[in-house]
Amino acid sequence: MINKKVEVALNSQVNKELFSAYLYLGISQYYNSVALEGFGNWFKVQAKEEQDHADLIMQYMENCGARITLESIAKPDVSYTDLQQGVEAAVEHEQYITQEINTIYSIALEEKDYKTLEFLSWFVKEQVEEEKNAEDLVKKFELFNGDKRALYMLDRELSTRVYSAPSLTLS
Ligand code: OFO
């Protein structure tokens, strides 16, 4: 059994995590299209992590006997006119997701749903890393100040990112 308000909020978060995956796939395609395939790789790995986040929430909901309703996933807007806009979009999106996770946390707290609070604590910590990773990319862009050679080096560095499964596992 799970509190109804918490169930609704978690169900909505599943959609937001799937949208995150879709957005990052779009950003990945954008960077591939301008021959920054390292950035393309970084965002493709990020998209897989977002899919994991959705999977974890669905698994938790299933474990609690909650009803999951899959909603439509919105079309991401990746019509960027500047190379920095992709990484800036990621920062903005992660800040939004942090707010959404915090909102679910507040609802669970209000409803005294301690098991969901325990589950969400992993997401609260994860968002610190998610925001920092995206912010670091923006900072590097700003540091390079249009230096193409530095951008090329960063692209090579980002091409080495590999997917790893989330540290949270549910039985
Ligand atoms: Fe799921 O953390 Fe990013 O969006």
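**Close-up views of a five-helix chain**

**View 1. The loop that carries Ile-73.** Ile-73 is found in the loop that runs between α2 and α3, the latter helix covering residues 84-110. In this predicted model, Ile-73 is partly exposed, since its relative accessible area is 37%, a value that falls between the 20% under which a residue counts as buried and the 50% over which a residue counts as exposed.

**View 2. A nonpolar patch on the surface.** Ile-73 joins Tyr-22 and Leu-25 in making a nonpolar surface patch, and the area of this patch is about 260 Å².

**View 3. Helix α2 and the residue that follows.** Helix α2 takes in residues 37-63, and at 1.5 Å a residue its 27 residues should span 39 Å, which agrees with the 39 Å that separates its end C-alpha atoms. Just after α2 comes Gly-65, whose phi is positive, at about 75°.

**View 4. The whole chain as the setting for the close-ups.** The protein chain has five helices and zero strands, so that its pattern, read along the sequence, is α-α-α-α-α. Its radius of gyration is 17 Å, close to the 16 Å that the globule rule gives for 171 residues, and the chain is therefore as compact as a globular protein of that length. Along the principal axes, the C-alpha atoms fill a box of roughly 55 × 25 × 25 Å.

**View 5. Burial and surface.** Of the 171 residues in the protein chain, 47% are buried. The accessible surface of the chain amounts to about 9600 Å², and carbon and sulfur atoms account for 53% of that surface.

Conventions:
Residues numbered from 1 in each chain as written. Predicted model: local features only at pLDDT ≥ 70, side-chain atom pairs only at ≥ 80, totals over all residues. Heavy atoms only, no water. Helix = DSSP H or I, 4+ residues; strand = E, 2+ residues; numbered from the N terminus. Expected span 1.5 Å × (residues − 1). Patch = residues over 30% accessible without salt bridge, like charges linked within 9 Å, V, L, I, M, F, W, Y side chains within 5 Å. Areas by Shrake-Rupley, 256 points an atom, 1.4 Å probe, with all protein chains shown as cover. Salt bridge = Lys/Arg side-chain N within 4 Å of Asp/Glu carboxyl O. Buried < 20%, exposed > 50% of the residue type's maximum accessible area, 1.4 Å probe, protein only. Rg over C-alpha atoms; globule rule 2.2 N^0.38 Å.
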